Amino acid sequence: MFNRKIVFSGGMCNYVGAEGSLARNPRRDELNNQLRAKGHEVFDPQIDESTHGRPYNYDIDGPAEQNARAKAHVLIYQVGSETMAGVTLLEVENDVKSGRKVILWLSGEIDSKGRPLFKPLGLNPESITDSATKAHVLQMLKQGNSMRANLLDFTKEATNLRVVATEGGVIGALKEFGIRI
């Protein structure tokens, strides 16, 4: 008999595109649709005007997101180069430390040491002429990259975490954690 599972599909939600407008992340939609087609329940906090008729509202969506995370058999967190991912990285650390089954999907650029890079679309510090603004942007980029490197150092011994870089890697990790797809 088929064993339906609850999957939390979080992380990189709506991000700022190169032109400066909010963009929906379609890669998670594709994965979520595959999971639903196999009968799994998927909670995705990627709420925006195009899909829900309203933006994310913490008072409404926050409790539902926390409840879904608590009930999930597996938690997927996508971290792409496009977003800072500060809260997501804290959620990953917390869930790994709590013994939850976590898949960290690094979907963006990777540096020569295999660490994910924070490189927001359309942001070129070299084109910034104001020195204070440029210093702030460079510091933000440094901190975004430092958070990613620290997370990987923190979690490298975790047996309940799979770090993957492709959709195929996510599917393989799901199978390892007992999710048929």
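**Entry 1: terms and overall form**

I begin by writing down that a residue is buried when its relative accessible area is under 20%, exposed when that area is over 50%, and partly exposed in between. I also note that what I am looking at is a predicted model.

I looked up the elements and found 6 helices and 7 strands in the protein, which run from the N terminus in the order β-β-β-α-β-α-α-β-α-β-α-β-α. For the overall dimensions, I found that the C-alpha atoms fill a box of roughly 65 × 40 × 30 Å along the principal axes. The radius of gyration is 17 Å, which agrees with the value near 16 Å that a compact globule of 181 residues would have.

I then checked how the chain packs, and 43% of the 181 residues count as buried. Among the contacts with a separation of 6 or more, 68% are made by residues 24 or more positions apart.

**Entry 2: helix H5**

I turned to helix H5, which takes in residues 131-155 and so has 25 residues. From its first C-alpha to its last, H5 reaches 36 Å, close to the 36 Å expected at 1.5 Å a residue.

Which residues of H5 are buried? I listed Val137, Leu141, Gly144, Arg148, Ala149, Leu151, Leu152 and Thr155. As background, I recall that an α-helix has 3.6 residues a turn, so residues three or four places apart point the same way. I next looked for what covers the buried residues of H5, and the cover includes strand S5 (74-79), helix H4 (86-97), strand S6 (102-106) and strand S7 (161-164).

**Entry 3: Val79, Leu106 and Ser107**

I followed the cover into strand S5, where Val79 has its place. Val79 counts as buried because its relative accessibility is 2%, under the 20% limit. Leaving out residues up to four places away in sequence, I found that Val79 touches Ala85, Thr88, Leu89, Leu104, Trp105, Leu106, Ser107, Gly108 and Arg148. Arg148 is one of the buried residues of H5. For a distance, I took Val79 and Asn160, which are 81 residues apart in sequence and 18 Å apart in space, C-alpha to C-alpha.

Leu106, found in strand S6, counts as buried at 5% relative accessibility. With residues up to four places away in sequence not counted, Leu106 touches Val79, Pro116, Leu152, Val163, Val164 and Ala165, and Leu152 is among the buried residues of H5. I also looked up Leu106 and Ser131, which are 25 residues apart along the chain and have C-alpha atoms separated by 32 Å.

Ser107 lies in the loop between S6 and H5 and is buried, with a relative accessible area of 14%. Leaving aside its neighbours within four places in sequence, I found Ser107 in contact with Met12, Arg27, Gln78, Val79 and Gly80.

**Entry 4: two further loop residues**

Ala85, a contact of Val79, has its place in the loop between S5 and H4. Is Ala85 buried or exposed? Its relative accessible area is 12%, so I entered Ala85 as buried. I checked the backbone as well, and Ala85 has a positive phi of about 70° although it is not a glycine. For background, most residues other than glycine have a negative phi.

Gln46 lies in the loop between strand S4 (41-43) and helix H2 (49-52), and at 1% relative accessibility Gln46 counts as buried. Beyond residues up to four places away in sequence, Gln46 touches Met12, Cys13, Asn14, Arg24, Asn25, Arg28, Asp29, Thr51 and His52.

**Entry 5: the largest pocket**

I looked up the largest pocket and found a volume of about 500 Å³. Of the 25 residues that line this pocket, the closest to its centre are Gly11, Cys13, Glu65, Val87 and Thr88. Cys13 is also one of the residues that Gln46 touches, and Thr88 is among those that Val79 touches.

Where does the lining come from? Strand S1 (6-11), helix H3 (58-71) and H4 each supply at least two residues, and the largest share, 5 residues, comes from H3. By kind, I noted that the lining divides into 11 nonpolar, 10 polar and 4 charged residues.

I closed with Ala64, which lies in helix H3 and is partly exposed, with a relative accessible area of 35%. Ala64 and Gly11 are 53 residues apart in sequence and 15 Å apart in space, C-alpha to C-alpha.

Conventions:
Residues are numbered from 1 along each chain as its sequence is written. This is a predicted model: local features need pLDDT of at least 70, side-chain atom pairs count only at pLDDT 80 or more; totals for chains, interfaces and linings use all residues. Side-chain values use heavy atoms; hydrogens and water are left out. Helices (H or I, at least four residues) and strands (E, at least two) are DSSP runs, numbered from the N terminus. The expected span of a helix is 1.5 Å times one less than its number of residues. Buried means under 20% relative accessible area, exposed over 50%, partly exposed in between (1.4 Å probe, protein chains only). Contact means heavy atoms within 4.5 Å. On a 1 Å grid over the protein atoms alone, a cavity is a set of points where a 1.4 Å probe fits but cannot get out, and a pocket is an open set with protein on both sides within 12 Å along at least five of seven lines; lining residues have an atom within 4 Å of a point. Grid points are joined across faces, edges and corners, and a volume is the space filled by probe spheres set on the points. Ala, Val, Leu, Ile, Met, Phe, Trp, Tyr, Cys and Pro count as nonpolar, Asp, Glu, Lys and Arg as charged, and the others, Gly among them, as polar. The radius of gyration is taken over C-alpha atoms; the globule rule is 2.2 Å times the number of residues to the power 0.38.
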